[in-house]
Amino acid sequence: MSLSAATRIATLAVNNCAQLGYHVSVTVVDRSGVTLAVARSENAGPHTLGASLGKAFTSASARNLTSEIARNLPSNPGLADIPGYLVLAGGAPIRVNGAVVGAVGAVGVSGAPSGMIDEECGLDATAAVFGQ
């Protein structure tokens, strides 16, 4: 994934959430979990930067939505102990032609009712950039 695509995804995700009234931080990582781009709403809390990276890293590592990982946590609680993993909804793999090329992680603050909204903002931004 190109740096420009990663930057567009991060920026769009922050803007998507802002339009819904939520202040978020968004991190986009490559397929290995290395940070490519970060965007942050001015009113997002300082904890959201690290948490957005944790969600993106987790999604890239598992090649899965972090909401799905969280849903399966009761049957595999050891997942929560993997260094760097943050098992909360809001991380989504980025796929191009079926292959995972990275992941996006979003973390909201100021009233976001669930990580599912974070996830939606990231997925919508990815779809807009890659036309999916």
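Residues are classed as buried under 20% relative accessible area, exposed over 50% and partly exposed in between. On this scale Phe-57, at 25% relative accessibility, counts as partly exposed. The model is predicted, and its features are described below by element.

Phe-57 belongs to an aromatic pair. The structure holds one such pair. Phe-57 and Tyr-85 meet edge-to-face, with 6.4 Å from centre to centre and 80° between the planes. The pair links distant parts of the chain. Phe-57 lies in helix H2, Tyr-85 lies in the loop between H3 and S3, and 28 residues separate them. Tyr-85 has a relative accessible area of 17%, so this residue is buried.

Helix H2 covers residues 47-62. At 1.5 Å a residue, its 16 residues should span 22 Å. Its end C-alpha atoms are 23 Å apart, which agrees with that expectation. An α-helix has 3.6 residues a turn, so residues three or four places apart point the same way. The buried residues of H2 include Thr-48, Ala-51, Ser-52, Lys-55, Ala-56 and Ser-59. Gly-54, Thr-58 and Ala-60 are also buried.

H2 is followed by Arg-63, which has a positive phi near 55°. Arg-63 is a residue other than glycine. It sits in the loop between H2 and H3. Its relative accessible area is 36%, so Arg-63 is partly exposed.

Helix H4 shows comparable agreement with its expected span. It has 16 residues and reaches 22 Å from its first C-alpha to its last. This is close to the 22 Å expected at 1.5 Å a residue. The buried residues of H4 are Gly-115, Ile-117, Asp-118, Glu-119, Cys-121, Gly-122, Ala-125, Thr-126 and Val-129. Just after H4, Gly-131 takes a positive phi of about 65°.H4 also takes part in a disulfide. A search of the whole structure finds one disulfide. Cys-17 and Cys-121 form it, with their sulfur atoms 2.1 Å apart. The torsion about the S-S bond is about 120°, so the disulfide is right-handed. The pair links distant parts of the chain. Cys-17 is in helix H1, residues 3-19, and Cys-121 is in H4, residues 115-130. The two are 104 residues apart. Both Cys-17 and Cys-121 are buried.

Strands S1 and S2 run antiparallel and are joined by five bridges. S1 covers residues 23-30, and S2 covers residues 35-40. Ser-25 has Arg-40 of S2 as its bridge partner. The hairpin of S1 and S2 has four residues between the strands. Gly-33 in this hairpin takes a positive phi near 85°.

The largest nonpolar core has 22 residues. Those that touch the most other members are Ile-9, Ala-10, Val-24, Val-26, Val-28, Ile-94 and Val-104. H1, S1, S2, S3, S4 and H4 each give two or more residues to this core. The largest share, seven residues, comes from H1.

Val-24 illustrates the contacts of one core member. Neighbours within four places in sequence are left aside here. Val-24 is in contact with Ala-13, Val-14 and Cys-17, among others. Its contacts also include Ala-39, Arg-40, Ser-41 and Ala-44. Val-107, Gly-108 and Asp-118 are further contacts of Val-24. Cys-17 is thus a contact of Val-24 and a partner in the disulfide with Cys-121. Asp-118 is a contact of Val-24 and one of the buried residues of H4.

Two further loop positions were examined. Asn-97 lies in the loop between S3 and strand S4, residues 99-109. Its phi is positive, about 55°, although Asn-97 is not a glycine. At 81% relative accessibility, Asn-97 counts as exposed, because the exposed class begins over 50%.

Gly-78 is found in the loop between helix H3, residues 66-71, and strand S3, residues 91-96. Its relative accessible area is 38%, so Gly-78 is partly exposed. Gly-78 and Thr-126 are 48 residues apart in sequence. In space, the C-alpha atoms of Gly-78 and Thr-126 are 30 Å apart. Thr-126 is among the buried residues of H4.

Note on methods: Residues are numbered from 1 along each chain as its sequence is written. This is a predicted model: local features need pLDDT of at least 70, side-chain atom pairs count only at pLDDT 80 or more; totals for chains, interfaces and linings use all residues. Side-chain values use heavy atoms; hydrogens and water are left out. Buried means under 20% relative accessible area, exposed over 50%, partly exposed in between (1.4 Å probe, protein chains only). A disulfide is a pair of cysteine sulfur atoms within 2.5 Å. Rings of Phe, Tyr and Trp (its six-membered ring) pair if their centres lie within 6.5 Å; planes under 30 degrees apart count as stacked, over 60 as edge-to-face and the rest as tilted. Two strands pair if DSSP finds at least two bridges between them. A nonpolar core is a set of buried Ala, Val, Leu, Ile, Met, Phe, Trp, Tyr and Cys residues joined through side-chain atoms within 4.5 Å. Contact means heavy atoms within 4.5 Å. The expected span of a helix is 1.5 Å times one less than its number of residues.
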